[in-house]
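Visitor: Hi, I've just opened this one and could use a quick tour. Can you walk me through a few spots?
Guide: Sure, let's bring it up and start with the strands.

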Amino acid sequence: MNIENHPACISETVIEERVTTFLESPTDEGYNDGYEEVKHEFEIPSWITSLSEEQRIEFAFQLLLTLPTPKIAQLHNRLSPLFHRDFLSLLPYELAIHILSFLDARTLGRAACVSKQWRKVSSDGSLWRNLFFKNGWTVNTKMVELYLQTPICNRSNSPFNRGKNPDQTISTQQQLGADEDYELDDIHDDLIESDQDLNSQYNNENSQSFHYPSTYQVNLLPTNDGSGSQQEDLNSDIWNGVSSHSRTKINQSSINIPSAIPSTSLSTVSAPISDRSSSADNQFIRRSTSLLHHPTTQLPSPPLPSHFLIPPSAYVPYNLPILPMHQNESGQPVINWKYLYQQRSLLEHHWRKGIYSIRKLPGHTESIYCVQFDEHKIISGSRDDTIKIWDIKTGYCIRTYRGHRQSVLCLQYDDDIIVSGSSDATIIIWNLATGEIIRTLEGHSESVLNLRFNENHIVSCSKDRTVRIWRRETGSCLRVLCGHRAAVNAIQFKDDYVVSASGDRTIKLWSLASGQCLRTFDGHSRGIACIQFDGNIIISGSSDKTIKVFDVHTGACLSTLAGHTDLVRTLQFDKNRIVSGSYDETLRVWDLKTGELQSNLIHGHTSRVFKLQFNTTKIISCSQDQKIIIWDFAHNVDTTFLV
């Protein structure tokens, strides 16, 4: 090698001459800014590659200083891609999915904003399906299976909507006293209305409105203005790239919606009862109110419509159209799990923020003590001595069963029977479809305040301070559990354990098989009105205005929830929340894990709340104000595959 060409001997003058030669060399007419093109068009002199890294860095820097600023900027744009490597696009698709499976929903939603390729990968159904079930959420598996399996040629073009028909009333608070025994039949109302009056009242009150908490304007879909909570941020993130309902602010005072509208439902609102019922149905519904004076008379009842007798979990509509949000590029039906996650997250947002529509069902002529519902019907029991069955979609009362001589205080039903307990101290087993009385159980000496049953047993409790266990098949009394010192107001049982709550301020755990008292739970300072038991915890509501959570296995009180201003009369819980109702005329929604109050439902009942039940989308409650209220949290939520 010539010593003059040795890198160490190259003078600055030589470097400048070579740089000038390089810059002034003619360019190819087909030149563009692509890095690969330049790499093939220009051969780097060997003397440059022989320099050390430090020397090449200094050489490049000095070279750049000779260029005008616009050229340096142009060079910067060509170099920038070299500093960023899209590893997700370079990896095999399966490996990219595996890496993203470790992200939460918020981060996964943000990843969709990086690039088109990232959006494609981060929207993969398996990722969102796993996140969906990781939250403990469920889908209507029957509906999903039918949607995926039905041939396209057999699908209907009809809309796939859920009907909603809310009513609004304004609640007022009443100061009402409480009694340790909670004997409900001591409440007297003088108002008795005829069937014609009730139909007129229903038509007059049947209007729609929505409730939004605290603010006068509200987003129906979650947005992120920088001031929201982490969960609101999550809602905003996972909505990235989704075309769905418009995010429009609605002024509450401007809402004016007709009483019956088709909405996101499996069916639209039904025709008037005169159009859709048989003549026998109409004769039954228009039966003279003089029969109210003969409560033991058993009225003839045509069977309930067949779809009312299908177990809720088994029900699916006959025709499923191809849904725009649930099809692939070729038009084949698929489940869009990201969309399902977004809808379920929106539903949770409504629960947390207290966004709901309400709908009221007038019909009973006195206080309503008990209620249960499924996707098709509501069944209620009242101080007017009747049990009524309502069409949950239309709000019409389609059956009234009479048999008790006094107030119907409690009931439960399954696919075949209704079991009800009354102030007349009896338990009646009814045929659900026809209203025929199958059997009457007698044994309690005072009012039957609560009951539960399964496939083998009926368990009841009474003001007579006892708990009775009956054989469902025969109606025989198997055993009587004694131990409480006051009226037993509530009963629950699961597997081999019975839990009872009493006005004596205690909760007792019993063996179903032996009748032995296994444990007594203390903690409330006044009588206990309601409980729920899931095998591991007991949650109770009391006249001391609190809700307590007990560990079944240790007897310890895990937490106390305070907020109601009067007796806590009814409650229910699931994996996520507790919903309670009180004599203070309100319902409250609590976070089960933290005990935090999520929402206070105050614009509904105008008197004591006696009973409630809830599912994924709604709460149904009944009250001394003679109303059943449906609190629907699924407004603007696509619940097609969620319930």
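**A tour in questions**

Visitor: Which residue in E16 is the bridge partner of Thr466?
Guide: That's Cys482, which sits across from Thr466 as its bridge partner in E16. Keep in mind that this is a predicted model.

Visitor: Okay, and how many bridges link E15 and E16?
Guide: Five bridges, with E15 covering residues 466-471 and the two strands pairing in the antiparallel sense. In general, strands of a sheet pair through backbone hydrogen bonds.

Visitor: What order do the strands of that sheet come in?
Guide: The order is E13-E14-E15-E16, so to speak a row of four strands in an open sheet with antiparallel pairing.

Visitor: Which strands stand at the edges?
Guide: Strand E13 (448-453) and strand E16 (477-482) do. Each has a single partner strand, so one side of each has no neighbour in the sheet.

Visitor: And how are neighbouring strands turned against each other?
Guide: By 20 degrees on average, if you ignore direction.

Visitor: Switching to records: where does UniProt place the "repeat: WD" feature?
Guide: The unreviewed UniProt entry puts it at several stretches, including 441-480 and 481-520.

Visitor: How much helix and strand is there over residues 441-480?
Guide: The chain there is 0% helix and 60% strand, and its end C-alpha atoms are 14 Å apart. Residues 481-520 also come out at 0% helix and 60% strand, with 14 Å between the end C-alpha atoms.

Visitor: New topic, cysteines. How many disulfides does the structure hold?
Guide: Zero.

Visitor: Why is there no bond for Cys410?
Guide: Because the closest cysteine sulfur, in Cys370, is 6.4 Å from the sulfur of Cys410, too far for a bond. The cut-off for a disulfide is within 2.5 Å.

Visitor: What about Cys622?
Guide: Cys622 is in no disulfide either, and its nearest cysteine sulfur, that of Cys370, is 6.6 Å away.

Visitor: Are those two buried or exposed?
Guide: Cys410 counts as buried at 3% relative accessibility. Cys622 is buried too, with a relative accessible area of 0%.

Visitor: Last stop, helix H10. Which residues are buried there?
Guide: In H10, which runs over residues 125-134, Leu127, Trp128, Leu131 and Phe132 are buried. They cover an arc of only 130 degrees around the axis, so they lie on the same side of H10.

Visitor: And what follows H10?
Guide: Gly136 does, and its phi is positive, near 80 degrees.

How values were computed: Residues are numbered from 1 along each chain as its sequence is written. This is a predicted model: local features need pLDDT of at least 70, side-chain atom pairs count only at pLDDT 80 or more; totals for chains, interfaces and linings use all residues. Side-chain values use heavy atoms; hydrogens and water are left out. Buried means under 20% relative accessible area, exposed over 50%, partly exposed in between (1.4 Å probe, protein chains only). Two strands pair if DSSP finds at least two bridges between them. Axes are lines fitted to C-alpha atoms, for helices over the stretch in contact, and angles run from 0 to 180 degrees between N-to-C directions. UniProt positions are given in the numbering used here, feature names are shortened, and annotations may be inferred rather than shown by experiment. The arc is that of the directions from the helix axis to the C-beta atoms.
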